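User: Please explain the terms applied to this structure, setting each value against its definition.

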Amino acid sequence: MRTAARTVGLQEAIAELVRDGDTIALEGFTHLIPVAAGHELIRQRRRELTLVRMTPDIVYDQLIGAGCARKLVFSWGGNPGVGSLHRLRDAVERGWPSPLELEEHSHAGMANRYAASAAGLPFAVLRGYTGTDLPDRTETIRPVTCPFTGEVLTAVPALELDVAIVHAQRADRAGNVQMWGLTGVQKEAVLGAKRSLVTVEEIVDELDPTPDAVVLPAWTVTRVAAVPGGAKPSYAQGYYERDNDAYRAWDAIGRDRETFARWLDDEVLGGAPAP
Amino acid sequence: MSAPSATEVMTVAAARSLRDGTSCLVGIGPPGAAANLAQRLHAPGLVLVYESGAIGAKPNRLPLSIGDGILAETADAVVTVPEMFNYWIGPGRIDVGFLGAAQIDRFANINTTIVGDDYQHPKVRLPGAGGAPEIAAACAEVTVILRQSPRAFVERLDFVTSVGHGDGPGSRERLGLAGGGPTRVITDLGILEPNPETRELTLVAVHEGVAVDEVREATGWALRVADEPRTEPAPSAAELETLRALAGG
(Lines give C-alpha, C1' and ligand atoms only; values in the text may rest on other atoms or scores of the structure.)
Protein backbone atom coordinates (compact mmCIF):
# COMPACT_ATOMS: atom_id res chain seq x y z
CA MET A 1 0.00 0.00 0.00
CA ARG A 2 1.18 3.49 -0.81
CA THR A 3 1.61 5.83 2.09
CA ALA A 4 1.41 9.58 1.91
CA ALA A 5 4.22 11.87 3.00
CA ARG A 6 4.10 12.57 6.69
CA THR A 7 4.72 16.13 7.80
CA VAL A 8 7.26 16.37 10.60
CA GLY A 9 9.84 18.76 12.01
CA LEU A 10 13.22 19.06 10.27
CA GLN A 11 15.16 17.61 13.20
CA GLU A 12 12.92 14.56 13.39
CA ALA A 13 12.98 14.07 9.61
CA ILE A 14 16.79 14.03 9.41
CA ALA A 15 17.04 11.77 12.47
CA GLU A 16 14.61 9.31 10.90
CA LEU A 17 15.84 9.30 7.31
CA VAL A 18 19.62 9.75 7.23
CA ARG A 19 22.12 7.26 8.65
CA ASP A 20 25.90 7.37 8.83
CA GLY A 21 27.41 5.99 5.63
CA ASP A 22 24.37 6.80 3.47
CA THR A 23 24.55 7.98 -0.12
CA ILE A 24 22.60 11.20 -0.09
CA ALA A 25 21.75 14.00 -2.52
CA LEU A 26 20.71 17.51 -1.49
CA GLU A 27 19.81 18.82 -4.92
CA GLY A 28 19.07 22.25 -6.31
CA PHE A 29 20.58 23.75 -9.44
CA THR A 30 21.34 27.22 -8.00
CA HIS A 31 17.66 27.57 -6.98
CA LEU A 32 15.82 26.04 -3.98
CA ILE A 33 18.96 24.61 -2.38
CA PRO A 34 18.07 22.74 0.85
CA VAL A 35 20.59 24.60 3.00
CA ALA A 36 18.73 24.31 6.33
CA ALA A 37 18.54 20.52 5.92
CA GLY A 38 22.30 20.46 5.27
CA HIS A 39 22.90 22.35 8.50
CA GLU A 40 20.71 19.88 10.40
CA LEU A 41 22.92 17.04 9.04
CA ILE A 42 25.93 18.87 10.48
CA ARG A 43 24.18 19.40 13.85
CA GLN A 44 23.27 15.73 14.07
CA ARG A 45 26.90 14.93 13.23
CA ARG A 46 26.26 12.49 10.40
CA ARG A 47 29.52 10.87 9.27
CA GLU A 48 30.95 8.94 6.29
CA LEU A 49 28.30 10.26 3.90
CA THR A 50 28.65 9.91 0.16
CA LEU A 51 27.42 13.31 -0.98
CA VAL A 52 25.92 13.50 -4.45
CA ARG A 53 25.14 16.71 -6.30
CA MET A 54 25.62 18.18 -9.77
CA THR A 55 26.70 21.56 -8.43
CA PRO A 56 28.04 21.27 -4.88
CA ASP A 57 28.16 24.82 -3.60
CA ILE A 58 28.55 26.41 -0.20
CA VAL A 59 26.33 24.06 1.82
CA TYR A 60 28.38 21.11 0.53
CA ASP A 61 31.55 23.06 1.37
CA GLN A 62 30.16 23.33 4.91
CA LEU A 63 29.27 19.62 5.14
CA ILE A 64 32.75 18.68 3.90
CA GLY A 65 34.51 21.12 6.25
CA ALA A 66 32.42 19.83 9.17
CA GLY A 67 33.67 16.29 8.52
CA CYS A 68 30.38 14.71 7.37
CA ALA A 69 31.60 13.43 3.99
CA ARG A 70 33.69 10.48 2.85
CA LYS A 71 33.07 10.90 -0.86
CA LEU A 72 31.70 13.46 -3.32
CA VAL A 73 29.95 12.53 -6.57
CA PHE A 74 29.58 15.69 -8.65
CA SER A 75 30.05 17.57 -11.91
CA TRP A 76 30.90 21.17 -10.94
CA GLY A 77 32.12 22.21 -7.50
CA GLY A 78 32.46 25.94 -7.02
CA ASN A 79 30.99 29.10 -5.55
CA PRO A 80 29.03 30.38 -8.56
CA GLY A 81 30.23 33.77 -9.77
CA VAL A 82 32.76 33.96 -6.89
CA GLY A 83 35.40 31.23 -7.16
CA SER A 84 36.64 28.13 -5.36
CA LEU A 85 35.08 26.15 -2.54
CA HIS A 86 37.97 26.31 -0.08
CA ARG A 87 36.79 23.57 2.30
CA LEU A 88 36.38 21.22 -0.68
CA ARG A 89 39.84 22.18 -1.92
CA ASP A 90 41.39 21.73 1.54
CA ALA A 91 39.91 18.22 1.74
CA VAL A 92 41.10 17.24 -1.75
CA GLU A 93 44.47 19.00 -1.74
CA ARG A 94 45.47 18.45 1.91
CA GLY A 95 43.10 15.84 3.34
CA TRP A 96 41.58 18.21 5.94
CA PRO A 97 39.56 17.48 8.04
CA SER A 98 39.70 14.08 6.32
CA PRO A 99 40.49 12.85 2.81
CA LEU A 100 37.65 13.14 0.33
CA GLU A 101 37.21 10.65 -2.48
CA LEU A 102 35.97 12.20 -5.72
CA GLU A 103 33.82 10.67 -8.44
CA GLU A 104 33.49 13.29 -11.11
CA HIS A 105 31.30 13.57 -14.15
CA SER A 106 30.01 16.19 -16.55
CA HIS A 107 26.59 17.77 -16.03
CA ALA A 108 25.15 15.67 -18.85
CA GLY A 109 26.50 12.50 -17.20
CA MET A 110 25.11 13.39 -13.77
CA ALA A 111 21.72 14.47 -15.15
CA ASN A 112 21.46 11.14 -16.95
CA ARG A 113 22.48 9.19 -13.85
CA TYR A 114 19.60 10.84 -11.97
CA ALA A 115 17.21 10.16 -14.85
CA ALA A 116 18.22 6.48 -14.90
CA SER A 117 17.56 6.12 -11.19
CA ALA A 118 14.14 7.76 -11.54
CA ALA A 119 13.36 5.38 -14.41
CA GLY A 120 14.54 2.33 -12.46
CA LEU A 121 17.08 1.51 -15.18
CA PRO A 122 20.61 0.26 -14.41
CA PHE A 123 22.30 2.84 -16.65
CA ALA A 124 21.77 5.72 -19.04
CA VAL A 125 23.22 6.33 -22.49
CA LEU A 126 24.59 9.57 -23.84
CA ARG A 127 27.04 11.00 -26.35
CA GLY A 128 29.63 12.41 -24.04
CA TYR A 129 33.11 12.33 -22.50
CA THR A 130 34.71 11.24 -25.80
CA GLY A 131 38.30 12.41 -26.07
CA THR A 132 38.42 13.77 -22.51
CA ASP A 133 40.51 12.43 -19.61
CA LEU A 134 37.39 11.84 -17.48
CA PRO A 135 36.81 8.15 -18.43
CA ASP A 136 40.39 7.36 -17.25
CA ARG A 137 39.65 8.82 -13.82
CA THR A 138 36.02 7.87 -13.26
CA GLU A 139 35.05 4.19 -13.05
CA THR A 140 31.41 5.01 -13.69
CA ILE A 141 31.99 6.11 -17.30
CA ARG A 142 32.11 3.21 -19.77
CA PRO A 143 31.66 2.74 -23.52
CA VAL A 144 28.57 0.93 -24.78
CA THR A 145 27.72 -0.15 -28.33
CA CYS A 146 24.29 0.65 -29.73
CA PRO A 147 22.65 -2.69 -30.67
CA PHE A 148 20.84 -1.03 -33.59
CA THR A 149 23.48 1.12 -35.27
CA GLY A 150 26.76 -0.13 -33.85
CA GLU A 151 27.69 3.39 -32.72
CA VAL A 152 29.87 3.48 -29.63
CA LEU A 153 28.24 5.66 -26.98
CA THR A 154 28.85 6.33 -23.30
CA ALA A 155 27.05 4.57 -20.45
CA VAL A 156 26.77 5.92 -16.91
CA PRO A 157 25.16 3.93 -14.07
CA ALA A 158 22.03 5.00 -12.22
CA LEU A 159 22.75 6.73 -8.92
CA GLU A 160 21.92 4.56 -5.94
CA LEU A 161 20.56 7.09 -3.51
CA ASP A 162 19.56 6.20 0.01
CA VAL A 163 18.10 9.65 0.57
CA ALA A 164 17.21 12.65 -1.58
CA ILE A 165 16.56 16.02 0.07
CA VAL A 166 15.10 18.93 -1.88
CA HIS A 167 13.46 22.24 -1.03
CA ALA A 168 10.19 23.36 -2.63
CA GLN A 169 7.96 26.41 -2.42
CA ARG A 170 5.01 24.63 -0.84
CA ALA A 171 3.10 21.52 0.05
CA ASP A 172 -0.53 20.93 0.95
CA ARG A 173 -1.69 19.26 4.16
CA ALA A 174 -1.78 15.87 2.45
CA GLY A 175 1.93 16.18 1.61
CA ASN A 176 1.65 16.92 -2.13
CA VAL A 177 4.62 19.08 -3.09
CA GLN A 178 4.75 21.91 -5.64
CA MET A 179 7.86 23.71 -6.91
CA TRP A 180 8.43 26.06 -9.83
CA GLY A 181 11.09 28.16 -11.56
CA LEU A 182 14.36 26.36 -12.28
CA THR A 183 13.74 22.85 -10.95
CA GLY A 184 17.02 21.21 -11.96
CA VAL A 185 17.08 17.46 -11.26
CA GLN A 186 14.96 17.54 -8.10
CA LYS A 187 12.11 15.40 -9.44
CA GLU A 188 14.58 12.75 -10.65
CA ALA A 189 16.42 12.84 -7.30
CA VAL A 190 13.25 12.25 -5.28
CA LEU A 191 11.87 9.53 -7.57
CA GLY A 192 15.27 7.82 -7.72
CA ALA A 193 15.94 7.66 -3.97
CA LYS A 194 14.86 5.04 -1.43
CA ARG A 195 13.79 7.77 1.01
CA SER A 196 13.09 11.44 0.50
CA LEU A 197 12.59 14.64 2.43
CA VAL A 198 11.13 17.82 0.98
CA THR A 199 11.51 20.98 3.02
CA VAL A 200 9.01 23.67 2.01
CA GLU A 201 8.50 27.39 2.49
CA GLU A 202 4.93 26.85 3.63
CA ILE A 203 2.17 24.33 4.01
CA VAL A 204 -1.07 25.51 2.43
CA ASP A 205 -4.68 24.30 2.22
CA GLU A 206 -4.71 24.25 -1.56
CA LEU A 207 -1.95 24.17 -4.22
CA ASP A 208 -2.90 26.86 -6.79
CA PRO A 209 -1.89 26.04 -10.37
CA THR A 210 1.42 27.76 -11.22
CA PRO A 211 3.16 27.94 -14.62
CA ASP A 212 5.96 25.39 -15.13
CA ALA A 213 5.28 23.76 -11.76
CA VAL A 214 6.64 20.36 -10.88
CA VAL A 215 4.27 18.45 -8.61
CA LEU A 216 5.42 15.51 -6.51
CA PRO A 217 2.35 13.59 -5.34
CA ALA A 218 2.38 12.86 -1.62
CA TRP A 219 2.90 9.13 -2.19
CA THR A 220 6.30 9.75 -3.87
CA VAL A 221 7.72 11.63 -0.86
CA THR A 222 8.65 10.12 2.51
CA ARG A 223 8.64 13.22 4.72
CA VAL A 224 7.71 16.88 4.35
CA ALA A 225 8.99 19.52 6.75
CA ALA A 226 7.97 23.18 6.82
CA VAL A 227 11.19 25.19 6.92
CA PRO A 228 10.52 28.82 5.90
CA GLY A 229 13.71 30.37 4.52
CA GLY A 230 15.21 26.87 4.29
CA ALA A 231 16.93 27.60 0.97
CA LYS A 232 18.76 30.78 2.09
CA PRO A 233 21.20 32.14 0.95
CA SER A 234 19.98 30.63 -2.33
CA TYR A 235 16.53 31.74 -3.39
CA ALA A 236 12.97 30.50 -3.57
CA GLN A 237 11.20 32.01 -6.53
CA GLY A 238 8.11 33.89 -5.37
CA TYR A 239 9.40 34.02 -1.77
CA TYR A 240 12.87 35.58 -1.57
CA GLU A 241 15.85 36.55 -3.73
CA ARG A 242 19.31 35.06 -3.86
CA ASP A 243 21.59 36.67 -1.24
CA ASN A 244 24.57 37.32 -3.51
CA ASP A 245 26.47 39.06 -0.69
CA ALA A 246 26.36 35.88 1.41
CA TYR A 247 27.94 33.91 -1.45
CA ARG A 248 30.68 36.55 -1.76
CA ALA A 249 31.20 36.61 2.03
CA TRP A 250 31.56 32.80 2.10
CA ASP A 251 34.84 33.08 0.20
CA ALA A 252 36.66 34.61 3.18
CA ILE A 253 34.94 32.39 5.77
CA GLY A 254 35.65 29.16 3.91
CA ARG A 255 39.23 30.10 3.07
CA ASP A 256 40.61 29.73 6.59
CA ARG A 257 40.18 26.68 8.88
CA GLU A 258 39.82 28.69 12.09
CA THR A 259 37.42 31.22 10.62
CA PHE A 260 35.37 28.34 9.29
CA ALA A 261 35.39 26.54 12.67
CA ARG A 262 34.17 29.72 14.39
CA TRP A 263 31.45 30.19 11.77
CA LEU A 264 30.35 26.58 12.26
CA ASP A 265 30.12 27.04 16.04
CA ASP A 266 28.29 30.35 15.82
CA GLU A 267 25.94 29.78 12.93
CA VAL A 268 25.21 26.05 12.86
CA LEU A 269 26.19 24.25 16.06
CA GLY A 270 25.42 27.12 18.42
CA GLY A 271 22.56 26.11 20.69
CA ALA A 272 22.23 22.74 19.02
CA PRO A 273 21.02 19.92 21.25
CA ALA A 274 23.52 17.15 21.83
CA PRO A 275 23.25 14.46 19.16
CA MET B 1 34.24 57.49 -18.51
CA SER B 2 37.21 55.52 -17.14
CA ALA B 3 39.35 53.41 -19.48
CA PRO B 4 38.06 49.86 -20.15
CA SER B 5 39.37 47.04 -17.94
CA ALA B 6 40.86 43.87 -19.43
CA THR B 7 37.62 42.05 -18.68
CA GLU B 8 35.59 44.74 -20.43
CA VAL B 9 37.83 44.56 -23.51
CA MET B 10 37.29 40.77 -23.72
CA THR B 11 33.57 41.09 -23.08
CA VAL B 12 33.06 43.69 -25.81
CA ALA B 13 35.08 41.67 -28.35
CA ALA B 14 32.98 38.61 -27.50
CA ALA B 15 29.74 40.57 -27.84
CA ARG B 16 30.76 41.78 -31.31
CA SER B 17 31.30 38.18 -32.43
CA LEU B 18 27.66 37.23 -31.76
CA ARG B 19 25.26 37.41 -34.72
CA ASP B 20 21.63 38.42 -34.48
CA GLY B 21 19.10 35.61 -34.72
CA THR B 22 21.37 32.90 -33.35
CA SER B 23 21.08 31.04 -30.06
CA CYS B 24 23.82 31.27 -27.53
CA LEU B 25 24.56 29.19 -24.45
CA VAL B 26 25.97 31.52 -21.83
CA GLY B 27 27.52 31.15 -18.42
CA ILE B 28 28.35 33.76 -15.83
CA GLY B 29 31.08 36.39 -15.93
CA PRO B 30 32.31 37.69 -19.30
CA PRO B 31 30.28 35.22 -21.47
CA GLY B 32 27.00 36.20 -19.88
CA ALA B 33 27.88 39.86 -20.01
CA ALA B 34 28.89 39.58 -23.68
CA ALA B 35 25.63 37.92 -24.69
CA ASN B 36 23.54 40.42 -22.75
CA LEU B 37 25.51 43.30 -24.29
CA ALA B 38 25.10 41.94 -27.84
CA GLN B 39 21.35 41.59 -27.25
CA ARG B 40 21.17 45.28 -26.37
CA LEU B 41 23.35 46.52 -29.24
CA HIS B 42 23.42 44.75 -32.61
CA ALA B 43 21.67 41.45 -31.88
CA PRO B 44 18.22 42.08 -30.35
CA GLY B 45 17.05 38.69 -31.65
CA LEU B 46 19.85 36.74 -29.91
CA VAL B 47 18.39 33.86 -27.91
CA LEU B 48 20.11 33.48 -24.52
CA VAL B 49 20.12 29.94 -23.17
CA TYR B 50 21.36 29.16 -19.64
CA GLU B 51 22.24 25.56 -18.80
CA SER B 52 20.25 25.90 -15.58
CA GLY B 53 17.13 25.54 -17.76
CA ALA B 54 16.18 29.05 -18.98
CA ILE B 55 15.68 29.28 -22.76
CA GLY B 56 15.22 32.74 -24.27
CA ALA B 57 16.01 34.62 -21.05
CA LYS B 58 15.91 38.43 -21.16
CA PRO B 59 17.50 39.61 -17.91
CA ASN B 60 17.69 43.39 -17.43
CA ARG B 61 20.74 43.07 -15.19
CA LEU B 62 23.68 40.65 -15.05
CA PRO B 63 23.02 37.67 -12.82
CA LEU B 64 25.80 36.54 -10.43
CA SER B 65 24.69 32.94 -10.85
CA ILE B 66 23.43 31.13 -13.94
CA GLY B 67 20.38 30.19 -11.91
CA ASP B 68 19.39 33.67 -10.80
CA GLY B 69 15.60 34.06 -10.45
CA ILE B 70 15.45 36.71 -13.16
CA LEU B 71 16.36 34.12 -15.78
CA ALA B 72 13.35 31.85 -15.27
CA GLU B 73 11.05 34.86 -14.82
CA THR B 74 11.98 36.31 -18.25
CA ALA B 75 12.48 33.07 -20.23
CA ASP B 76 10.40 31.83 -23.19
CA ALA B 77 10.65 28.32 -21.76
CA VAL B 78 11.96 26.77 -18.56
CA VAL B 79 13.16 23.17 -18.74
CA THR B 80 14.72 20.71 -16.31
CA VAL B 81 18.46 20.03 -16.37
CA PRO B 82 18.16 16.52 -17.91
CA GLU B 83 16.01 18.02 -20.68
CA MET B 84 18.48 20.87 -21.23
CA PHE B 85 21.35 18.47 -21.84
CA ASN B 86 19.48 15.66 -23.63
CA TYR B 87 17.10 17.62 -25.87
CA TRP B 88 18.82 20.97 -26.37
CA ILE B 89 22.60 20.96 -25.93
CA GLY B 90 23.40 17.34 -26.87
CA PRO B 91 21.67 17.31 -30.28
CA GLY B 92 23.41 20.57 -31.25
CA ARG B 93 20.33 22.77 -31.07
CA ILE B 94 22.31 25.72 -29.66
CA ASP B 95 24.45 27.62 -32.21
CA VAL B 96 27.13 29.19 -30.03
CA GLY B 97 28.64 28.02 -26.77
CA PHE B 98 30.83 30.15 -24.52
CA LEU B 99 33.46 28.54 -22.29
CA GLY B 100 36.09 29.70 -19.86
CA ALA B 101 39.26 27.76 -19.06
CA ALA B 102 42.10 27.52 -16.55
CA GLN B 103 44.38 26.05 -19.24
CA ILE B 104 44.15 25.87 -23.02
CA ASP B 105 46.52 24.29 -25.55
CA ARG B 106 47.36 25.09 -29.19
CA PHE B 107 44.40 23.04 -30.43
CA ALA B 108 42.00 24.80 -28.04
CA ASN B 109 41.52 21.77 -25.81
CA ILE B 110 40.48 22.92 -22.35
CA ASN B 111 41.28 22.08 -18.73
CA THR B 112 38.95 23.11 -15.89
CA THR B 113 39.68 20.13 -13.61
CA ILE B 114 43.07 20.28 -11.88
CA VAL B 115 46.43 22.04 -11.94
CA GLY B 116 49.35 19.68 -11.36
CA ASP B 117 50.32 16.29 -12.73
CA ASP B 118 48.83 14.10 -9.97
CA TYR B 119 45.06 13.75 -10.15
CA GLN B 120 44.88 12.31 -6.62
CA HIS B 121 46.95 15.12 -5.15
CA PRO B 122 46.46 18.18 -7.36
CA LYS B 123 48.24 21.45 -6.72
CA VAL B 124 44.94 23.19 -7.35
CA ARG B 125 41.56 21.53 -7.46
CA LEU B 126 39.43 23.45 -9.99
CA PRO B 127 35.60 23.25 -10.14
CA GLY B 128 35.53 20.53 -12.80
CA ALA B 129 33.65 19.86 -16.02
CA GLY B 130 30.14 21.23 -15.52
CA GLY B 131 28.44 21.47 -18.88
CA ALA B 132 31.63 22.22 -20.81
CA PRO B 133 32.44 18.78 -22.36
CA GLU B 134 29.03 18.54 -24.04
CA ILE B 135 28.98 22.21 -25.04
CA ALA B 136 32.43 21.79 -26.62
CA ALA B 137 31.26 18.60 -28.33
CA ALA B 138 27.90 19.70 -29.69
CA CYS B 139 27.58 23.45 -30.31
CA ALA B 140 28.12 24.57 -33.93
CA GLU B 141 30.57 27.22 -32.69
CA VAL B 142 32.44 27.65 -29.43
CA THR B 143 34.02 30.84 -28.17
CA VAL B 144 36.56 30.51 -25.36
CA ILE B 145 37.25 33.54 -23.17
CA LEU B 146 40.24 33.73 -20.85
CA ARG B 147 43.17 35.96 -19.95
CA GLN B 148 46.35 35.20 -21.84
CA SER B 149 49.45 34.13 -19.87
CA PRO B 150 52.04 31.35 -20.11
CA ARG B 151 50.36 29.66 -17.12
CA ALA B 152 47.06 29.45 -19.00
CA PHE B 153 48.30 28.97 -22.58
CA VAL B 154 50.27 25.77 -22.08
CA GLU B 155 52.16 23.33 -24.27
CA ARG B 156 50.44 20.41 -22.52
CA LEU B 157 47.24 20.41 -20.46
CA ASP B 158 47.35 18.89 -16.97
CA PHE B 159 43.91 17.39 -17.72
CA VAL B 160 41.70 17.32 -20.82
CA THR B 161 38.25 18.30 -19.56
CA SER B 162 36.72 19.41 -22.87
CA VAL B 163 37.89 18.65 -26.37
CA GLY B 164 38.67 21.43 -28.83
CA HIS B 165 40.44 20.27 -31.97
CA GLY B 166 42.09 17.25 -30.31
CA ASP B 167 45.52 16.69 -31.78
CA GLY B 168 44.80 18.44 -35.05
CA PRO B 169 43.06 17.82 -38.39
CA GLY B 170 40.51 15.00 -38.40
CA SER B 171 40.49 14.62 -34.60
CA ARG B 172 36.91 15.73 -34.03
CA GLU B 173 35.64 13.56 -36.86
CA ARG B 174 37.47 10.51 -35.46
CA LEU B 175 35.99 11.16 -32.01
CA GLY B 176 32.50 11.60 -33.48
CA LEU B 177 32.07 15.13 -32.13
CA ALA B 178 29.29 16.66 -34.19
CA GLY B 179 29.75 20.35 -33.34
CA GLY B 180 32.29 22.63 -34.98
CA GLY B 181 34.54 23.00 -31.94
CA PRO B 182 36.22 26.21 -30.81
CA THR B 183 35.99 28.87 -33.53
CA ARG B 184 37.66 31.68 -31.61
CA VAL B 185 39.57 32.36 -28.41
CA ILE B 186 39.20 35.87 -27.05
CA THR B 187 41.80 37.08 -24.56
CA ASP B 188 42.74 40.37 -22.95
CA LEU B 189 45.49 40.71 -25.59
CA GLY B 190 43.83 39.62 -28.81
CA ILE B 191 41.80 37.09 -30.74
CA LEU B 192 42.98 33.64 -31.87
CA GLU B 193 41.28 31.38 -34.39
CA PRO B 194 42.11 27.83 -35.48
CA ASN B 195 43.88 27.64 -38.83
CA PRO B 196 41.40 26.01 -41.25
CA GLU B 197 43.90 23.33 -42.29
CA THR B 198 46.12 22.66 -39.26
CA ARG B 199 43.45 23.54 -36.63
CA GLU B 200 46.23 25.23 -34.62
CA LEU B 201 45.30 28.47 -32.87
CA THR B 202 46.59 31.48 -34.79
CA LEU B 203 46.66 35.08 -33.63
CA VAL B 204 44.35 36.94 -36.03
CA ALA B 205 43.84 40.19 -34.11
CA VAL B 206 45.39 42.20 -31.32
CA HIS B 207 43.47 44.64 -29.16
CA GLU B 208 44.23 48.31 -29.74
CA GLY B 209 47.58 49.19 -28.13
CA VAL B 210 48.83 45.58 -27.85
CA ALA B 211 51.99 44.48 -29.72
CA VAL B 212 52.18 41.03 -31.34
CA ASP B 213 55.34 40.26 -29.33
CA GLU B 214 53.43 40.79 -26.08
CA VAL B 215 50.99 38.09 -27.16
CA ARG B 216 53.85 35.75 -28.09
CA GLU B 217 55.40 36.23 -24.64
CA ALA B 218 52.10 35.44 -22.98
CA THR B 219 51.81 32.11 -24.80
CA GLY B 220 53.46 28.88 -23.58
CA TRP B 221 54.16 27.59 -27.10
CA ALA B 222 55.59 29.10 -30.31
CA LEU B 223 52.51 31.05 -31.30
CA ARG B 224 51.46 31.18 -34.96
CA VAL B 225 50.56 34.67 -36.11
CA ALA B 226 48.47 35.58 -39.17
CA ASP B 227 50.34 37.40 -41.95
CA GLU B 228 48.66 40.67 -41.14
CA PRO B 229 46.85 40.49 -37.82
CA ARG B 230 44.16 43.15 -37.65
CA THR B 231 43.61 45.51 -34.76
CA GLU B 232 40.42 44.96 -32.77
CA PRO B 233 39.11 48.46 -32.01
CA ALA B 234 38.86 49.44 -28.34
CA PRO B 235 35.37 49.40 -26.81
CA SER B 236 33.35 52.39 -27.99
CA ALA B 237 31.74 54.80 -25.55
CA ALA B 238 28.32 53.33 -26.37
CA GLU B 239 29.51 49.75 -25.80
CA LEU B 240 31.13 50.61 -22.47
CA GLU B 241 28.18 52.63 -21.27
CA THR B 242 25.72 49.84 -22.03
CA LEU B 243 27.96 47.21 -20.46
CA ARG B 244 28.43 49.21 -17.26
CA ALA B 245 24.73 49.94 -17.01
CA LEU B 246 24.05 46.17 -17.24
CA ALA B 247 26.54 45.46 -14.49
CA GLY B 248 24.79 48.09 -12.40
CA GLY B 249 27.96 50.09 -11.84
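**Helix crossing and chain interface**

Analyst: In this predicted model, local features need pLDDT of at least 70, side-chain atom pairs count only at pLDDT 80 or more, and totals for chains, interfaces and linings use all residues. Residues are numbered from 1 along each chain as its sequence is written, and side-chain values use heavy atoms, with hydrogens and water left out.

User: What is the handedness of the crossing in which α3(A) passes α4(A)?

Analyst: The crossing is left-handed, a term for a near helix turned anticlockwise from the far one by less than a right angle.

User: Why is α3(A) called oblique to α4(A)?

Analyst: The axes of α3 (residues 58-65) and α4 (residues 86-94) of chain A cross at roughly 45 degrees and come within 7 Å. Angles under 35 degrees count as roughly parallel, over 145 as roughly antiparallel and 65 to 115 as roughly perpendicular, with the rest oblique; α3(A) is therefore oblique to α4(A).

User: Which residues of α3(A) and α4(A) meet?

Analyst: Asp61(A), Ile64(A) and Gly65(A) of α3(A) meet His86(A), Arg87(A), Leu88(A) and Ala91(A) of α4(A), where contact means heavy atoms within 4.5 Å.

User: What makes the meeting of Arg125(B) and Glu104(A) a salt bridge?

Analyst: The definition requires a side-chain nitrogen of Lys or Arg within 4 Å of a carboxyl oxygen of Asp or Glu. The side chains of Arg125(B) and Glu104(A) meet at 2.7 Å, N to O, so the pair satisfies the rule. Across the interface of chain B and chain A, the rule finds one salt bridge.

Definitions and conventions: Chains are lettered from A and ligands numbered from 1 in the order in which they are written. Axes are lines fitted to C-alpha atoms, for helices over the stretch in contact, and angles run from 0 to 180 degrees between N-to-C directions. Helices (H or I, at least four residues) and strands (E, at least two) are DSSP runs, numbered from the N terminus.
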